[in-house]
Amino acid sequence: MIAGTGRLSVVWRNRTGKKARPFRIPDTVSIATPSNRRGRDLRPPHVMAEKSDPGPSMSEATPLNHDEVTPAVGPLAGIRVLDLTVNVLGPVSTQILGDMGADVIKIEAPEGDYTRFVGPSRSEGMGTFFLNINRNKRSVVLDLKQPESLAMLLDLAESADVFVHSMRLGAARRLGIDYEALAARNPRIVYASAGGYRQGSSRAEWPAFDDVIQGVSGIAALNGQATGEPRYFPTVICDKLCGYVLASSIGMALYARERTGLGQQVHVPMMETMVGFNMLEHLWGGVLDQPELGLGYSRMLTPHRRPYRTLDGYICLLANTDEQWRRMFGAIDRQDLLGDPRFTEIAPRSRNIDTLYGILTEAMAKRTTEDWRQRLDAADIPNGPVMTLEQIYNDPYLAETNFFHREEHPTEGRFVTMAVPTHFSRTPAGVRRLPPRLGEHTQEVIEQLRAERRAATAEMHAPTAGVSSAAG
């Protein structure tokens, strides 16, 4: 909750240049103490020992991630994002925006994002799951059940470029932060969210998580074909993919705004997104409106499509073109197949894919993984080993590309974060801020907002060039 006594009242113009309503910013601000779901104080122990008075400023409670934050130079530098998302999908999306240079302000309830308590941690509220999807963000604690906090959020929205949340749209409407309410204050805002199902549909208000969407999108059934029982992918594939789609969609809406001057609402329905992802190849005969021709891409569904067992492990490989298959037959010493009409062209290969992959399964079992890698490399056939999580963590190639960064967090000590994989030659993305402690930047953001208002007020009252203020 935000509370205060002395107040500053200013008239401010939003990013459209339109005069906004007067807003009263507290001159003296105290911050609600962040707490976990059991009410336990989440401030660092040395702060609790040194500060006995209630509500210390968060700048005293927790230092900034860096003494000097690296200036943003990415493609979204200068874009301000209000991030009300929790769990996985939304934070993945907003971390991408932050990596690209956006100033992401993560609005959290006093108990914090749920993922703060998932995974190993050195201090409560800083679990590894949270650390991995919340870099390049500033954390602000607002209790939106309190009128002053809600007013502060609405005021922040007037100067924001993007507003992202993970609530059901009905809940946002009841809270007074739906698209219509925010667009009335800031017509340039890009208002983004993701839900289980399409807005306006009969399922619009249904709850949904990754496991549910894996089921209703057909992914769990496909993944279980080998065993005959549906299985979830051992990763939150729907949350992560939809998070990437949401970030991409926000970027496109920002580009449209540059052309039109207006923001818009962006909504990503998880089910439709994942059905589109899943059925891209599996719609098959349904593309011709003839499902009787079969649904499902046969190459994906053959039981032989899996890493091939070798004499000492497994190997992954794939030939695609006619020329690659000719080189493949030479590499496995099956030149007799070069003229086989079942395999000479892509159409007959597709009809006989199960037989073809069975031949590869038999061949791969005759040599070691390293032997096959050398032979396939010589034939220019794409191939690679099956790597465990431990092998990935210690992979020499990833060390060469500096993919795993080791950073020193001011309160959590040494930890590892992953590099931004996308390269921009002129506007490089990167890590500027380490993951924040709960409420770490509340005071900082309030002071920044106050300074922006003072600057706007001074500009409004500055004499117009060429106009004399003297009477006469």
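Helix H10, residues 237-260, has 24 residues, and at 1.5 Å a residue these should span 34 Å; the end C-alpha atoms of H10 are 34 Å apart, so expectation and model agree. The model is a predicted one, and the values that follow are computed from it.

H10 has a long list of buried residues: Ile237, Cys238, Asp239, Cys242, Gly243, Leu246, Ala247, Ile250, Ala253, Leu254 and Arg257. The elements that cover them include the helices H3, H8 (210-216) and H11 (270-282), as well as the strands S8, S9 and S10. Just after H10 comes Gly261, with a positive phi of about 85°.

Two of the buried residues in H10 are cysteines, and a biochemist may ask about a bond between them. How far is the sulfur of Cys238 from the closest cysteine sulfur? The distance is 6.3 Å, to Cys242, which is too far for a bond. A disulfide is counted for sulfur atoms within 2.5 Å. Cys242 is likewise in no disulfide, its nearest cysteine sulfur being that of Cys238. By this rule the count is 0 disulfides. Cys238 has a relative accessible area of 0% and is therefore buried; Cys242 is also at 0%, and therefore buried.

The strands that help cover H10 lead to a sheet. It is open, has 6 strands in the order S7-S6-S5-S8-S9-S10, and is paired in parallel. Its edge strands are S7 and S10 (265-269), each of which pairs on one side only. On average, neighbouring strands of this sheet are turned by 20° against each other, direction ignored. H3 packs on the sheet and touches S5, S6, S7, S8 (162-165) and S9, with its direction at about 155° to that of S6. A further helix, H5 (residues 147-158), lies across S5, S6 and S8 and runs at about 150° to S5.

Strand S6 can be followed from one partner to the other. S5 (residues 80-84) pairs with S6 in the parallel sense over 4 bridges, and Val81 has Val104 in S6 as its bridge partner. S6 is also joined to S7 (residues 137-141), again in parallel, by 5 bridges. In that pairing Lys106 stands opposite Ser139 of S7. How is the connection from S5 to S6 built, and with what handedness? S5, helix H3 (residues 89-99) and S6 make a right-handed β-α-β unit. Of the 6 residues of S6 (residues 103-108), 5 are buried, so the strand is largely enclosed by the rest of the structure. As a general point, side chains in a regular strand alternate between the two faces of the sheet.

The loop between S5 and H3, within this unit, contains Asn87. Asn87 has a positive phi of about 65° although it is not a glycine. Most residues other than glycine have a negative phi. The relative accessible area of Asn87 is 24%, so this residue is partly exposed.

Toward the other edge of the sheet, S9 (residues 190-195) and S10 pair in the parallel sense over 5 bridges, and Ala192 has Val266 in S10 as its bridge partner. The loop between helix H7 (179-185) and S9 holds Ile189. Is Ile189 buried or exposed? Its relative accessible area is 0%, so Ile189 is buried. Apart from neighbours within four places in sequence, Ile189 is in contact with Ala157, Ala160, Asp161, Val162, Phe163, Tyr179, Leu182, Ala183, Gly263 and Gln264. One of these, Ala160, is 29 residues from Ile189 along the chain, yet their C-alpha atoms are separated by 6.6 Å.

Another open sheet has 3 strands in the order S11-S12-S13, with antiparallel pairing. Its edge strands, S11 (308-309) and S13 (383-385), each pair on one side only. S12 (residues 314-317) pairs with S13 in the antiparallel sense over 3 bridges, and Leu317 stands opposite Asn383 in S13. Helix H16 (residues 369-378) packs on this sheet, touching S12 and S13, and its direction makes about 20° with that of S12.

One more loop residue remains. Asp333 is found between helix H13 (322-331) and helix H14 (346-351). Its phi is near 60°, a positive value in a residue other than glycine. Asp333 has a relative accessible area of 44%, so it is partly exposed.

Note on methods
Residues numbered from 1 in each chain as written. Predicted model: local features only at pLDDT ≥ 70, side-chain atom pairs only at ≥ 80, totals over all residues. Heavy atoms only, no water. Buried < 20%, exposed > 50% of the residue type's maximum accessible area, 1.4 Å probe, protein only. Helix = DSSP H or I, 4+ residues; strand = E, 2+ residues; numbered from the N terminus. Pairing = 2+ DSSP bridges. Right-handed = clockwise from strand over helix to strand, strands pointing away. Axes fitted to C-alpha atoms, helices over the stretch in contact; angles between N-to-C directions. Contact = heavy atoms within 4.5 Å. Expected span 1.5 Å × (residues − 1).
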